[in-house]
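Open the model in a viewer and keep the sequence panel beside it. The stops below say what to select next and what is there.

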Amino acid sequence: MIDPGDKVMLDSLLVRLETLELELRTEIDSLKEHAKPVALDQQAVGRVSRGDALQQQSMAQANLARCEQRLEQVYHAMRHLESDDYGYCEVCDEPISLARLQAYPESRLCIKCQQNAE
Ligand SMILES: [Zn+2]
């Protein structure tokens, strides 16, 4: 899908991936704070009830798992960006559309297979 000679395209995808990596790492750091075990001490929780705090914690944990998974995809894409298999769907082997790669450079599946997977 990506012409290996198309340095401009590869560079712009790499910049996207590096930006994503930074964003995800920042988000993961802040989510880790929120995903910490809820303090039993009511003082520490302040006015937030323990139930709310637990709910926030489990939401943060779910977000954290999602961000970590996406970061893995970003690293995977960075490693494969210049290889022949980058830009091809891992399920059906069809090229992933350029528009999709520009929006989600870490994509490993085409839109159809992604929708089937969800
Ligand atoms: Zn596919």
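A nonpolar core is a set of buried Ala, Val, Leu, Ile, Met, Phe, Trp, Tyr and Cys residues joined through C-beta atoms within 7 Å. A residue is buried if 20 or more other C-beta atoms lie within 10 Å of its own. The model on screen is predicted.

**The whole chain**

Colour the protein chain by secondary structure: 5 helices and 0 strands appear. Followed along the sequence, the pattern reads α-α-α-α-α. Of the 118 residues in the protein chain, 13% are buried. Among the contacts with a separation of 6 or more, 58% join residues 24 or more positions apart.

**The largest nonpolar core**

Which residues make up the largest nonpolar core? Select L24, L31, C67, V74, A77 and Y86, 6 residues in all. At least two residues of this core come from each of α1 and α3. Helix α3 gives the largest share, 3 residues. As a general remark, nonpolar side chains in soluble globular proteins tend to be buried together.

Now keep V74 alone in the selection. Apart from neighbours within four places in sequence, V74 is in contact with L17, L20, E21, L24 and E106. A second, separate core has 5 residues, including I96, L101, L109 and C110.

**Helices α1 and α3**

Select residues 7–34 for helix α1 and residues 50–80 for helix α3. Two packed helices are described by the angle between their axes and the distance between the axes. For α1 and α3, the packing angle is about 155 degrees and the axes are 9 Å apart. Angles over 145 degrees count as roughly antiparallel, and α1 and α3 are therefore roughly antiparallel to each other. The crossing in which α1 passes α3 is left-handed.

Show the side chains where the two helices meet. On the α1 side, the residues to display are L17, L20, E21, L24, R25, E27, I28, L31, K32 and H34. Their counterparts in α3 are Q56, Q57, A60, N63, L64, C67, E68, R70, L71, V74, A77 and M78. Sorted by class, this contact of α1 with α3 has 12 nonpolar, 4 polar and 6 charged residues.

**L71 and Y75**

Go next to L71, in helix α3. Is L71 buried or partly exposed? L71 has 18 C-beta neighbours inside 10 Å and so counts as partly exposed. Leaving out neighbours within four places in sequence, the contacts of L71 are E21, L24, R25 and I28. Draw a distance between the C-alpha atoms of L71 and E21: the value is 6.3 Å, for residues 50 apart along the chain.

Y75 is also worth a selection, and is found in helix α3. With 14 other C-beta atoms within 10 Å, Y75 is partly exposed. The C-alpha atoms of Y75 and L17 are separated by 8.2 Å, and the two residues are 58 apart along the chain.

**D93**

Finish in the loop between α3 and α4 (98–103), where D93 lies. What is phi of D93 near? Phi is near 70 degrees, a positive value in a residue other than glycine. A residue with 12 or fewer other C-beta atoms within 10 Å is exposed. D93 has 10 C-beta neighbours inside 10 Å, so D93 counts as exposed.

Methods. Residues are numbered from 1 along each chain as its sequence is written. This is a predicted model: local features need pLDDT of at least 70, side-chain atom pairs count only at pLDDT 80 or more; totals for chains, interfaces and linings use all residues. Axes are lines fitted to C-alpha atoms, for helices over the stretch in contact, and angles run from 0 to 180 degrees between N-to-C directions. Helices (H or I, at least four residues) and strands (E, at least two) are DSSP runs, numbered from the N terminus. Angles under 35 degrees count as roughly parallel, over 145 as roughly antiparallel, 65 to 115 as roughly perpendicular and the rest as oblique. A crossing is left-handed if the near helix is turned anticlockwise from the far one by less than a right angle, and right-handed if clockwise. Two residues are in contact if their C-beta atoms, placed from the backbone, lie within 7 Å. Ala, Val, Leu, Ile, Met, Phe, Trp, Tyr, Cys and Pro count as nonpolar, Asp, Glu, Lys and Arg as charged, and the others, Gly among them, as polar.
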